[in-house]
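Please consider the structure shown here, with attention to its domains and to the surroundings of its ligand.

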Amino acid sequence: MSFDVDNIRKDFPILQREVNGYPLVYLDNAATSQKPQAVIDAIVAYYSHYNANIHRGVHTLSQEATDAYEQARQKIQQHFHIGKPEEVIFTSGTTHGINLVANGFASLLKTGDELLVSAMEHHSNIVPWQMLCEKTGATLKVIPMNLSGELEMDVFNTLLTEKTKLVFVNHVSNALGTINPVEEIIQKAHAFGAAVLVDGAQSCAHIRPDLTAWDVDFFVTSAHKMCGPTGVGMLYGKKEWLNLLPPYQGGGEMIKEVSFEKTTYAELPHKFEAGTPNIAGGIAFGAAIDYLSKIGFEEIARYENELLDYASKQLLSIEGLKIYGTAENKTSVISFNIDGIHPYDIGTIVDKLGIAVRTGHHCAQPIMDYFKIPGTVRASFAFYNTREEVDRLVAAVKRAKNMLS
Ligand SMILES: *Cc1c(COP(=O)(O)O)cnc(C)c1O
C-alpha cells in the first residue's frame, strides 16, 4: 500500500475541525501528536466493555483487561526490539521514566563521580540529574554543540573518563530536530564502563529504534508524541540494571510480601509499577504502535523528509528568517525567528489564521541561551501534514512579518 496522505488524514477526527474560521493546520506535533480513530476507539472500548483493575481479580473483566494490558507490553517489546517483556516498565511518560532512573542511581553514586549531559536536552533530562548530583556529590558535565545544533563529538571523547558513570542524551532534540549519534555515544560510554540513558520522547514518532542493536542501558519515551494518549509512556532498562536499582514508589502491586517488620518487592516489571496504572492508556499505546507500524516507519520518514525540505526552502525565502538547528541529520522540526520580531507575536498572528505552532523556549532554555535568543517559533510536522499546509504557514508568517515590522 502506498503512502496516501489524504486517506491518512481521514483517520484523525481533529484534522476536520476549524480554528478561527480556517481549517486547522496543526504544526505542534513536537509538543504532542494528534490521535487516530483507532487509538480513540481502543480507549472507548476498554471503558465501554472491559473496564476492571488488572493483575488482581479472578473475574472475567479483570482477566480481559490484564490480557489487553500485557499484550500492549508485548507490542512495545517487539516494536523497540527489547529482549524480555519484564524489561518494559509502564510509566506516566518520559519525565517519570527519567526521574525513576535518577532516583535509583542515588544509592550508586558518590562524590567525584561524573555524569555527562548533552547541551541540547529537554529540561526533564537535566533537572532530575541536577537533583541527583545535589544528593550524591556527583558532578554534571556538558557535551557542547556547534552552531548547526550538532554535538561536538571530539569534546565528548575528552570528557569521557573512568569517573564517568552515566551519560544521558536525547535521540532527537525537540527544539532543533537534531538526530544524535546515539549508537556511537553508547559504544564509547561503554568503553569507559558508563551507562547510557537515551530520551526517545521526540524520536519515536519518526524512527523505530532497535534497542537490542543499540545495546543501550535505559530508554524512555512518551506515548502521546507517537499518536498515543497522554499520561502513559515506557521505560526500558536492561534487566541487570533494573534489578540493581531500588524501587521508585512504594505501594500496591510492587510488593511480594508486606508486614510491618519487613516488605519484599515484586519481580520485574511490577517492582517499578506501584499502584493502579493508566490501563486504558497502556492499551491505547499498543494501538498507536499498531497504527504507526501499519503505515510504516520508512514511509513516514521518507514523506516527512520531503515535507521538511520543502518547508525549509519556502520559509528561508522570507527575508530576515533564520532557522535554528540545521544538522545534516534531523527530523521534521523547524525552529525559526525573524529579525526584530518576538516569536510570541508571530505565534499569535498565525493562530488567528488557524495555524498551531509553538513559541517559546520549548523546555530547553540552555539551547536558547546558547543562541542568545529568548525563544523561537517552532513548526513541527507529522506524516499527516501536507504541502498545502506548509504553504499556508509560509503565507501566514509573511503576513505576520508585514504586520509586525
Ligand atoms: C516531550 C519531551 C520530553 C518530556 O516528555 P513528557 O511526556 O512531558 O514527560 C522529554 N524530552 C524530550 C526530548 C521531549 O521532546
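The paragraphs below treat the domains, their interface and the ligand in turn.

This is a predicted model, in which local features need pLDDT of at least 70 and side-chain atom pairs count only at pLDDT 80 or more, whereas totals for chains, interfaces and linings use all residues. Residues are numbered from 1 along each chain as its sequence is written, and side-chain values use heavy atoms, with hydrogens and water left out.

An automatic or database domain assignment divides the chain into domain 1 (5-31 + 296-404) and domain 2 (40-293). Their C-alpha centres are 28 Å apart.

Contact (heavy atoms within 4.5 Å) joins 35 residues of domain 1 to 34 residues of domain 2. The two domains bury about 2700 Å² between them, 60% of it on carbon and sulfur atoms; this area is the accessible area (1.4 Å probe) lost on putting the two parts together, summed over both. Zero salt bridges are found across the interface, a salt bridge being a side-chain nitrogen of Lys or Arg within 4 Å of a carboxyl oxygen of Asp or Glu.

The ligand is surrounded by residues with a heavy atom within 4 Å of it, among them Thr94, Thr95, His122, Asp199, Ser222, His224 and Lys225. Three side chains place a polar atom by a ligand oxygen: that of Thr95 at 2.5 Å, that of Ser222 at 2.7 Å and that of His224 at 2.8 Å.

Methods: A polar contact is a pair of N or O atoms within 3.5 Å; within protein, one must be able to donate a hydrogen and the other to accept it, and residues adjacent in sequence count only if both atoms are side-chain atoms.
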